[in-house]
Amino acid sequence: MSGEDAPAQQQKAEEQKQESKTAEQPTSESKQESQPAAEAKAAPAAAAAATEKAPEEEVFTYRSLVLSGHGGYDKVKLQVKKGKPAPKNGEVLVRVKACGLNFADLLGRQGLYDRLPSPPVTPGMECSGVIEALGEEVTDRKVGDKVLVLNRCGMWQEVVTVPASHTFIMPEGMGFEEGAALPVNYITAYMMLFDFGNLRPNQSVLVHMAAGGVGIAATQLCHTVKDVTVFGTASASKHEAISQGGVTHPIDYRTRDYVDEIRKISPKGLDIVLDPLGGSDTHKAFNLLKPMGKLITYGAANVLTGQRKNLLAVAKTWYNQFSINALSLMHANKSVCGYHLGYLDGEFELISQVMAKLLELYNQGKVKPRVDSTWHFEQVGDAMRRMQERNNIGKVILLPEPKKEEPKIEEEKTEEKKEEPKKEEEKKEEKKKEEPKKEEN
């Protein structure tokens with residue numbers, strides 16, 4: 001390479017460096033331009049991430065009682081479920097304030113009620129509460145309505161979704177606990193007495209378990225008809241209460257034969273017998289009827305003898321189950337009817353008509369549910385025990401709201417404060433006793 005060529009090559013090298021610098025400048029500018037774009041893209045992503053995290057922090061939860069398996073009181077467990085139920089087309093979302101406990105729920109816990117789906121399942125056929133949301137095409141209900149609810153099951157929880165047709169507007173002045181005590185018991189009693197029984201003035205009626213929910217409802221409804229005589233069975237400790245409620249002749253079934261007691265007062269027998277017992281008691285009920293009398297059977301309480309299923313009691317009840325052929329029925333001039341509200345879940349037009357009549361009677365002051373006791377969800381075992389051991393007079397109610405804890409800590413502090421002056425006085429007395437001893441020494 002010659003000396004003349006060297007300057008030319010150096011000049012070319014410098015020109016190449018300048019071109020490379022100018023080529024690098026757009027890349028650096030593009031980097032600067034890409035930073036705002038990246039930040040703009042990152043902003044929605046961050047917002048999306050924040051919105052995804054927000055529901056996790058504010059997940060809707062609600063308390064629910066769940067039958068985990070068939071057996072004793074401990075099989076009904078309190079659980080916390082996540083996710084707010086959404087009402088479907090024609091449904092409403094109800095914030096539950098009170099729930100009713102029914103005999104069917106006790107049977108269901110033992111696996112003796114075939115209308116309750118298999119565990120795990122939330123029991124409960126009735127409740128009262130406030131509508132919080134509406135599904136599409138719901139026009140006859142609005143948010144804020146106080147309602148009674150009747151459903152096949154699933155009512156023992158803080159929020160429920162049900163068809164709007166399964167809800168009934170609560171009358172003014174009716175409390176939630178009272179409201180939860182009405183649907184199942186009063187619909188059952190009304191349809192048996194009036195649809196099957198055709199109750200009329202001057203007739204006589206036997207009401208078994210007269211201190212229970214259906215018993216009290218039936219007694220009240222009997223007195224909406226003139227001069228109806230009510231015979232009611234209950235333990236002696238409940239006689240005063242059922243007599244005040246309208247039972248004409250209370251009978252202690254534990255110490256007396258109710259058939260003999262009824263025959264003493266009404267030798268010809270009775271016009272209507274409501275039988276929730278089953279087994280041999282159904283035979284007695286049929287024999288107690290007058291000609292043209294009506295037996296309405298609606299339960300099998302005799303199978304329920306303890307916390308868990310008693311196969312011997314079940315077998316005995318079914319072995320003694322009443323049966324009669326049509327010819328004998330015709331010769332006896334009597335009728336036998338069977339009633340099961342659980343199998344009327346597809347007849348809500350009929351149920352709605354009955355509820356309308358019952359709510360009218362309530363507004364007239366002719367019927368009024370009696371609440372025996374209220375129990376929080378945490379106390380469901382105690383509530384079931386009270387009903388199963390026949391200790392209730394009226395309806396047993398469950399409350400979804402958490403049980404308030406007693407202020408034990410504050411009580412302990414107040415006790416400590418009370419003890420402090422005593423301790424100080426004791427110390428002072430001990431010092432006084434020690435001082436003479438020191439002087440002697």
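Okay, let's start with a small detail: right after helix 4, N198 takes a positive phi of about 50°. Keep in mind that this is a predicted model.

So, helix 4 itself. It has 14 residues, and from its first C-alpha to its last it reaches 18 Å, close to the 20 Å you'd expect at 1.5 Å a residue. Is helix 4 enclosed or open to the outside? Eleven of its 14 residues are buried, so the rest of the structure largely encloses it. The buried ones run through P183, V184, N185, Y186, I187, T188, A189, Y190, M191, M192 and L193.

One of those, I187, comes up again in the core. The largest nonpolar core has 91 residues, and I187, L274 and I351 are the ones with the most contacts inside it. Take L274: what does it touch, once you leave aside neighbours within four places in sequence? The partners are M192, L193, V205, L206, V207, H208, A218, I296 and Y298. Note M192 and L193 there, both from the buried set of helix 4. There's also another core lying apart from the largest one, with 14 residues, including I262, V273, F286 and F322.

Now the open space, which is probably what you came for. The largest pocket holds about 1,100 Å³. Of the 47 residues lining that pocket, F103, L107, Y298, G299 and A300 are closest to its centre. Helix 2 (103–109), helix 4 (183–196), helix 5 (213–222), helix 9 (311–319) and strand 15 (395–399) each give two or more residues to the lining. So much for the walls; the chemistry of that lining is 26 nonpolar, 16 polar and five charged residues. And yes, Y298 is the residue we just met as a contact of L274.

The second largest pocket has a volume of about 340 Å³. Sixteen residues line it, with Y253, L277, D281, N302 and R390 nearest its centre. Its lining splits into seven nonpolar, four polar and five charged.

Last, the closed spaces. How many cavities of 30 Å³ or more are there? Three. The largest cavity has about 110 Å³ of space. Around that cavity you'll find Y113, M125, L150, N151, R152, L341, G342, L344, D345, F348 and I351. By type, that's seven nonpolar, two polar and two charged. I351 is a familiar name, too: it's among the residues with the most contacts inside the largest core. That's my tour, thanks.

Conventions
Residues numbered from 1 in each chain as written. Predicted model: local features only at pLDDT ≥ 70, side-chain atom pairs only at ≥ 80, totals over all residues. Heavy atoms only, no water. 1 Å grid on protein atoms, 1.4 Å probe; cavity = no way out; pocket = protein on both sides within 12 Å on 5 of 7 lines; lining within 4 Å. Points joined across faces, edges and corners; volume = space filled by probe spheres on them. Nonpolar A, V, L, I, M, F, W, Y, C, P; charged D, E, K, R; others polar. Helix = DSSP H or I, 4+ residues; strand = E, 2+ residues; numbered from the N terminus. Expected span 1.5 Å × (residues − 1). Buried < 20%, exposed > 50% of the residue type's maximum accessible area, 1.4 Å probe, protein only. Core = buried A, V, L, I, M, F, W, Y, C linked by side-chain atoms within 4.5 Å. Contact = heavy atoms within 4.5 Å.
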